[in-house]
Amino acid sequence: MHQFFRTHSCSDMRYSILSKILVTVFVLFTGIVSAQSHEGEEVETGAHDLKTEIKEYIDHHLLDSHDFSLFSYTTDEGEHKYIGFPLPVILWDNGLKIFSSSQLKHGEGVAEVDGNYYALYHNKIYKTDAEGTIKFGAQHDEDTHSEDAFGENLVVEDAHPSNERPLDFSITKNVVFIALVGLLMFLMFRSVASNYKKSNMPKGLGRGLEPLVMFVRDEIAIPNIGEHKYKKYMSYLLTVFFFVWIINLLGLTPLGVNVTNNIAVTFALALITYFITTFSGNKNYWKHIFWMPGVPVPMKIILAPIELLGTFIKPFSLMIRLYANITAGHVVLMSIIGLMFIFKNWIGSPLSFVLAFTLSLLELLVAALQAYIFTMLSALYFGMATEEDHH
Amino acid sequence: MTIPNIVGAGLIVIGAGLGIGRIGGQAMEAIARQPEASGKIQTAMLIAAALIEGIGFAALFAA
Amino acid sequence: MEKLLEQFSLGLFVWQLVLFIGLLLLLRKFAWKPILNAVEKREEGIKGALEAAEAAKKEMQNVTADSEKLLKEARAERDALLKEAREIKESIISEAKEHAQVEGDKMIKQAQATIEAEKKAAVADIKAQVANLSLEIAEKVIKEELSNKDKQLKLVDDMLGNIKLN
């Protein structure tokens, strides 16, 4: 009995050290700590606050940000320190306004450009006065109140600020990553391509990438589009396949960058698929939409709007699928990692670690699968648009 | 999120899960019966699963 | 849905569109086209090589068939030649035989004619001799007759008995 108590107290002592280590790992592994994290609040203070914090953390991990911070910590004086670098903010507010995001101080400062003041609120840039006041609109009467942008006492979660929002074309973290992936792909595939000039056999990088290129051609493009027309679409299919795959994989790294869980990114990709499908649609395709052959006339009239709607739903589902899969994967993964800090015992944390590890492996598969599905469905839609009449 | 919304989302997930499970199961059976057609079956399976998944997600976001 | 719309960032959308299309165009020019062309060229090369090998195999078969045919023809020709030779030989032999026969017949005929002639000559000679002998005998008989009539008759009989007509 005595022995048991001794072990127990011993484990208690070790626990506090372990929790600190885990917190550090957590912070390192997942990236940016939210700008809104409450000052002076200790992680260990209570389960409820911890849960809120984890939720906020996850939310902010999934969001884009105006600066590139790898991780942050709070000093003993309650001051936030960020490790990373600022990125340029580009606004269109009656003229181009460019300044560094370091002026925004992660939502804790007000940037001044040409006599205009801008502040961050929930990761969005609003036009404010010199103090950075965020006003709330009348549509939330019961919640209407003013508070400063520094995020204290954020009771109203869904409140929409009534401040003016300038058009934001900032080079955000995600834009940086899109550009980096683009550069990486360009360098990789150009070196592969230049290798073919010297010899007909792939060398080095090409040995690994050529089968993938062949996979896209032989398993995705040719079966879905057809032997004769697939060539026109190969560039898009290859680019989108590798882009989505690489960027999904990078989202799984501890850099904490999630590009494909932004609806704007998947919307842009789906929009390109939609335009390619629409512009390559032949007579037969449009006939099947507006005047379905082989069905009676009343049915044709009913089918036309449904089919027309279908042309929009197809790319829409592409957009939602990619977005939702990646977002869901990240939310579940981060929640399980967060469980480590809620289950403060010896069983919970290793369990959630094992779960998180397994789930990470699954996410690796999902990263490739979603790239494949996106590419394959795009190819399928192109194939539908260019199919010849068989009747 | 209100309680009806959560229940609705749960129902959607159950429905979509059942649907995709059935597609997967039937595809397995079909592949077992005709292993030489596995490529075509896989493609059809993925497309069908993707469509259900798309509807599921759309409904989830609407909820 | 509302949350999605709220999350939508126009800036990110524009950047993604611009960067992606830029990447697509760059990669198409500098990567995809050269890679796909090279692979296609290689595949065509492999296909061509396989076809050439197939053609060579066929050619080989043709050559073998040709040579076999030639061999067969040669064999047939040889057989024909041999047969002809045999026929010629036989015809020569038979001709020779015929010739010999004819010659032999001719010789035999000649011999027979000669024999006939000799015989005739001999008969004629015998006739002459017989006539002479007859005359001589007749002379002697006559001479003896003249002395003894019996004796003369006996002599004629003896003489006739001795003479044989070959």
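A salt bridge here is a side-chain nitrogen of Lys or Arg within 4 Å of a carboxyl oxygen of Asp or Glu. Keep that cut-off at hand for the exercises below, and remember that this is a predicted model.

**Exercise 1. Decide what links C:Glu43 and A:Arg217, and place that link in its interface.**

Step 1. Start with the distance: the side chains of C:Glu43 and A:Arg217 come to 2.9 Å, N to O.

Step 2. Compare with the rule, which asks for a Lys or Arg nitrogen within 4 Å of an Asp or Glu carboxyl oxygen. The pair C:Glu43 and A:Arg217 therefore counts as a salt bridge.

Step 3. Now look at the whole interface of chain C and chain A, where the rule finds three salt bridges. Seven residue pairs in polar contact are also counted between these two chains, with both residues at pLDDT 80 or more.

Step 4. Ask which parts of chain C do the touching. Helix H1 (2-7) and helix H2 (10-145) each supply at least two residues of the side facing chain A. The most comes from H2(C), with 27 residues.

Step 5. Sort that side of chain C by residue type: 24 are nonpolar, four polar and five charged.

**Exercise 2. Describe how much of chain C and chain A meets.**

Step 1. Count residues: 33 of chain C are in contact with 53 of chain A.

Step 2. Turn to area. Chain C and chain A bury about 3,800 Å² between them, and carbon and sulfur atoms give 77% of it.

**Exercise 3. Work through the interface of chain B and chain A in the same way.**

Step 1. Ten residues of chain B are in contact with twelve residues of chain A.

Step 2. The area buried between chain B and chain A is about 940 Å², with 79% of it on carbon and sulfur atoms.

Step 3. One salt bridge is found across this interface. Its partners are A:Arg321 and B:Glu53, whose side chains meet at 3.1 Å, N to O.

Step 4. On the side of chain B that touches chain A, seven residues are nonpolar, two polar and one charged.

**Exercise 4. Sketch chain C as a whole.**

Step 1. Write down the elements: chain C has three helices and zero strands, in the order α-α-α along the sequence.

Step 2. Add burial: 12% of the 166 residues of chain C count as buried, a label that requires under 20% relative accessible area.

Step 3. Finish with the surface. Chain C exposes about 13,500 Å², and 61% of this is supplied by carbon and sulfur atoms.

Note on methods. Residues numbered from 1 in each chain as written. Chains lettered and ligands numbered in written order. Predicted model: local features only at pLDDT ≥ 70, side-chain atom pairs only at ≥ 80, totals over all residues. Heavy atoms only, no water. Helix = DSSP H or I, 4+ residues; strand = E, 2+ residues; numbered from the N terminus. Buried < 20%, exposed > 50% of the residue type's maximum accessible area, 1.4 Å probe, protein only. Areas by Shrake-Rupley, 256 points an atom, 1.4 Å probe, with all protein chains shown as cover. Contact = heavy atoms within 4.5 Å. Buried area = accessible area lost by both parts, 1.4 Å probe. Nonpolar A, V, L, I, M, F, W, Y, C, P; charged D, E, K, R; others polar. Polar contact = N/O pair within 3.5 Å; in protein donor to acceptor, adjacent residues only side chain to side chain.
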